[in-house]
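Subject: Structure for your files

Hello,

Here is the structure I said I would pass on. My notes on it follow below.

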Amino acid sequence: MEQYKRTANCGSLRKTDAGKTVILNGWVNRKRDHGGIGFINLRDRYGITQTVVSEDASSELIALASQLHNEYCIAVEGMVRARPDSMINPEMATGEIEVVINNLVILNKCDVLPFQIEDKTNANEDLRLSYRYLDLRSAGMQKRIRLRHEVTFAVREWMNDNGFFEIETPTFIRSTPEGARDYLVPSRLYPGKFYALPQSPQLYKQLLMVSGFDRYFQIARCYRDEDARGDRQPEFTQIDIEMSYVSRDDVLAMTEAFMSYVFKKTLAINLPAQFKRLTFEEAMEKYGTDKPDLRFDIPLLDFSSYALSGDFQAFKDALASGGAVKALVVPSVSFGNNSVYSRKQIDELETHAKIYRAKGLAWMKVTGTESEPVLEGGVSKFFTEHHKAIIAGLNAKPGDLILITADPKKKIANVALGAVRSKLGKDLNLCKQGVFEFVWIVDFPLFEYNEEEQRWEAAHHMFSSPQEQYLETMESDPGPVKGDLYDLVLNGYELASGSIRIHDPELQKRVFSIVGISKEEAETRFGFLTNAFKYGAPPHGGIAPGLDRLVMLMAGETSIKEVIAFPKNSFAVSPMDNCPGEVEQKQMNELHLSIIKP
């Protein structure tokens, strides 16, 4: 191999290199013959270079080149020459040159490919994951993995320049299940005892604050044993950050600064100095979700006053029960080439709303002229005397579609219509690609009531601090208590979650008590943390952006699998190496374990 080691990569050669003799290594990306001249596009992770077997090449070289197929790994030696102006390929970085081959060596052959290695392949997900090493050769995957590297490097640069220490926390920890199930690792030396893989470094980063490392970060691997749902992965990566002596605004400003640096450094995009802010209640009322996509401006509107004056009893009943009636005006310009939204499409939206427990989805269309607009279809007949008032109040225009949900529970009315809004954003292509709309969601409830178990539980986690004004009434009335919590949302995805933490051991015990954790259980599960708080723990807070999701959004993708080198499939299985798999009985015996067959 030493004789054929590359002297240049397949993306580096330019017109100024003409006349040089070079050696290239890579894969055959494409091969074609043109009247006795053979063209071989050679690819590596840096790019593609066109190489040429000329018509006056030796018979041995021509014969060897004829054996090549896509994805053969080869080495070529040859001279760089400039292409004629008429043959320049502006789509390629190396499009001004080609390499005339003098010598060619097949380093390794390639079997018949299970799918063609292309930027956009038709191969299904499991096939791609079964041959992930081939999938990763595609230009798209190479580009996204490179972006992930650049984002990670930019994070480390900014953190280092701003006084943060990168400190690793343990991968083997004590099991402290909260939310998702822990992945457990049996101990060989201590039969019957287990380590757990961390769902996050939450407790350890708080201990680092007690230890005096007032600015910590980590590119942290996290593990959650969750049922297959959506685009989750059993192992994922977050940018874990914690700081001492800070308020909520300090953490938000820090996050805005480092996000701005990362986007500028990797995508050359300037973000606003400050991101928009919405309270949790504002987000739910205006968008029906605490993860609103602000790339399109279609808010939820209050329809209560019109519902009371109209004759549609279902709306009145919802309001009489303390619920809500909410409306959504879909502008006609959103429909693109279609002048109206069809009844079939409206029925599909209603089906979608019912997934979120809505009893139905009422609708009306605005017709007529600008000067004389009227409502038609759906529930419009119940508001005959109020057409003008509704149209004016909702600022609707001819051609617009009005969608309405009502429910005795305000949350259901908001969430269901918010889900319809999100679906419309995707269906009508309202979410502009390459646009990044950040928004902070603040003032979350600290507790939420679990109807099934008839108890209060932490809305985020048990270590978030309540806002000061609720300290006196926290036990007597947990529902209204707001936490010093904040989420960063980007384009409809929760990108990061954080809070100002509890640093007072007595306050931490109060929170444990409210969520039903006894003193004994708290000591067993979290004693090492609460004991540390007794030794001068400083006020502290932090945040943890998801690295996988951040890179996914920056890359314009909708699945985190597209930015992870070796992800699991939707069932937490790796088709490539059949993980998880069985182990030998000898290993089970060493761990003092036996399997109970289902």
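Two cavities of 30 Å³ or more are present in the structure, which is a predicted model. The largest cavity holds about 100 Å³ of space. Twelve residues line this cavity, and those closest to its centre are Glu 226, Asp 227, Ala 228, Arg 232 and Pro 234. Sorted by class, its lining comes to three nonpolar, four polar and five charged residues.

The second largest cavity holds about 30 Å³. Its lining consists of Leu 129, Arg 132, Phe 566, Pro 567, Ser 574 and Met 576. Four of these count as nonpolar, one as polar and one as charged.

Next, the pockets. The second largest pocket has about 1200 Å³ of space. It is lined by 36 residues, with Ser 138, Ala 139, Gly 140, Gln 142 and Lys 143 the closest to the centre. Strand 1 (21-34), strand 2 (37-44), strand 3 (47-53) and helix 4 each give two or more residues to this lining. Helix 4 supplies the largest share, eleven residues. The lining as a whole has 15 nonpolar, eight polar and 13 charged residues.

Helix 4 (139-161) also gives two or more residues to the largest nonpolar core. That core has 42 residues, and the members that touch the most others are Met 254, Phe 258, Met 259 and Phe 438. Other elements that give two or more residues include strand 9 (215-223), strand 10 (235-244), strand 17 (438-442) and helix 15 (547-554). Helix 6 (248-267) is on that list too, and gives the most, with seven residues. In general, nonpolar side chains of soluble globular proteins tend to be buried together.

What does Met 254 touch, leaving aside residues up to four places away in sequence? Its contacts are Trp 158, Met 159, Phe 164, Ile 241, Met 243 and Ile 543. There is also a second, separate core of 32 residues, among them Ala 283, Leu 446, Phe 512 and Ile 517.

Last, a helix pair. Helix 7 (residues 280-287) packs against helix 12 (residues 410-427) at an angle of about 65°, and their axes are 7 Å apart. Helix 7 makes the contact through Met 284, Glu 285 and Tyr 287, and helix 12 through Lys 410, Asn 414, Val 415, Gly 418 and Arg 421. By class, three of the residues in this contact are nonpolar, two polar and three charged.

Regards

Methods. Residues are numbered from 1 along each chain as its sequence is written. This is a predicted model: local features need pLDDT of at least 70, side-chain atom pairs count only at pLDDT 80 or more; totals for chains, interfaces and linings use all residues. Side-chain values use heavy atoms; hydrogens and water are left out. A nonpolar core is a set of buried Ala, Val, Leu, Ile, Met, Phe, Trp, Tyr and Cys residues joined through side-chain atoms within 4.5 Å. Buried means under 20% relative accessible area, exposed over 50%, partly exposed in between (1.4 Å probe, protein chains only). Helices (H or I, at least four residues) and strands (E, at least two) are DSSP runs, numbered from the N terminus. Contact means heavy atoms within 4.5 Å. Axes are lines fitted to C-alpha atoms, for helices over the stretch in contact, and angles run from 0 to 180 degrees between N-to-C directions. Ala, Val, Leu, Ile, Met, Phe, Trp, Tyr, Cys and Pro count as nonpolar, Asp, Glu, Lys and Arg as charged, and the others, Gly among them, as polar. On a 1 Å grid over the protein atoms alone, a cavity is a set of points where a 1.4 Å probe fits but cannot get out, and a pocket is an open set with protein on both sides within 12 Å along at least five of seven lines; lining residues have an atom within 4 Å of a point. Grid points are joined across faces, edges and corners, and a volume is the space filled by probe spheres set on the points.
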